[in-house]
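Grab a coffee and work through a few short exercises with the structure open beside you. Try each one yourself before you read the solution.

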Amino acid sequence: MDGIVILDKDSGMFSRTAGHRIVKIFGEKKFGHIGTLDPMATGVLPVMIGNATKMIPFIEEINRNEKEYLFGLRFGIETDSLDITGNKTAESNIIPNENEIKSAVQKLTGEIEQIPPAFSAVHINGKRAYELARRGENVDIEPRKITIYELEYTGKNGEEYNFRVRCSRGTYVRSIVRDIAKLCGSVATTTYIRRTLTNGFDIKNAVKLDFLENLVNNGCAVDKYLLTPDCALGDIPVINLDDKDIELYKHGGFIQVAKTDGLYRVYSNETFVGIGRISNQTLKPKRTI
């Protein structure tokens, strides 16, 4: 089976573990996912199954890698992982007021430089940062440019302060929490992270892993939760090939077409075949399903 499952990942699970369980449900072996969620984080995790994995770079390209998260923080404590699963490393008695929080939020909006957490998948001299951090080694990560399109303080619930952020690829929510606290003259740790949007995939269309597994265990069909590989490629124009041309195309052949240059979704009798590129009125295969 080739397709996409929009998963609503539960907390306490690695993204790759979730992917393995998804392909088991659909009887496949090959999978990939767009973006990785921290084990503590919940929310949208698009899982590509079978040959749908070939569409990942195109989906990422046309959707700007824009993501949206809801998250919470608690002031007064910082941990090594910058979230509640870590070990306490700092404390502060300073609890900022709402005006100070809103001022910090404004300063973190736009194109900024952000230092990823020590517990992250960033490479340092061929090693993952989290591997070094878990061994107690000093982790020195260079800042990187990211874009915060929107960052909104949405209110307080007890000791938990809640936010919504829309940001570019490579943004770490845990680093946003650290930086909000720093701008307020305090420390904080992340209490929850929930991804509600990634690369055009919305939480309102997501399905829980336990729900799918229960359907299978009860002999029910799950096919309707497997979306077609082309479902997130809507901005790429379409070209249809006849039976003769499609056979040549599938075997790597070039097809003469009267179309403008660029990427195209290639179809045969309404069946998605893959992605091709036209240059000088010649269609060449890029990825074939």
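**Exercise 1. How many helices and strands are there in the protein, and how much of it is buried?**

Start with the count: the protein has seven helices and 19 strands. Keep in mind that this is a predicted model. Next, the burial: of the 289 residues, 50% are buried. Then look at the outside, where the accessible surface comes to about 14700 Å², with 45% of it belonging to carbon and sulfur atoms. For the overall dimensions, the C-alpha atoms fill a box of roughly 75 × 50 × 40 Å along the principal axes.

**Exercise 2. Work out which face of helix α1 is buried and what it packs against.**

Step one is to find the helix: α1 covers residues 15-26, which is 12 residues. Its first and last C-alpha atoms are 17 Å apart, close to the 16 Å expected.

Step two is to pick out the buried residues. They are S15, A18, G19, I22, V23, I25 and F26. Looking down the axis of α1, you'll find these within an arc of 150°, so they line one face of the helix.

Step three is to ask what that face meets. The buried residues of α1 pack against three strands and a helix: β1 (3-9), β2 (31-33), β3 (42-49) and α6 (209-217).

Last, check what comes after the helix. G27 follows α1, and its phi is positive, near 70°.

**Exercise 3. Is N162 buried or exposed, and which residues does it touch?**

First place it: N162 sits in strand β11, residues 160-167. Now apply the cut-off, under 20% relative accessible area for buried. N162 has 14% relative accessibility, so it counts as buried.

For its surroundings, skip residues up to four places away in sequence. What's left is F71, G72, E152, Y153, T154, G155, K156, N157 and Y192.

**Exercise 4. Do the same for L82: where is it found, and what is it in contact with?**

L82 belongs to a loop, the one between β5 (77-79) and β6 (88-91). Its relative accessible area is 7%, so L82 is buried. Beyond its neighbours within four places in sequence, L82 contacts P117, R174, S175, R178, T189 and T190.

Now try a distance. D2 lies 80 residues from L82 along the chain, and their C-alpha atoms are separated by 37 Å.

**Exercise 5. What share of the contacts join residues at least 24 apart?**

Take the contacts between residues at least 6 apart in sequence; 68% of these join residues at least 24 apart.

Conventions: Residues are numbered from 1 along each chain as its sequence is written. This is a predicted model: local features need pLDDT of at least 70, side-chain atom pairs count only at pLDDT 80 or more; totals for chains, interfaces and linings use all residues. Side-chain values use heavy atoms; hydrogens and water are left out. Helices (H or I, at least four residues) and strands (E, at least two) are DSSP runs, numbered from the N terminus. The expected span of a helix is 1.5 Å times one less than its number of residues. Buried means under 20% relative accessible area, exposed over 50%, partly exposed in between (1.4 Å probe, protein chains only). The arc is that of the directions from the helix axis to the C-beta atoms. Contact means heavy atoms within 4.5 Å. Accessible areas come from the Shrake-Rupley method with a 1.4 Å probe; for residues, only the protein chains shown count as cover.
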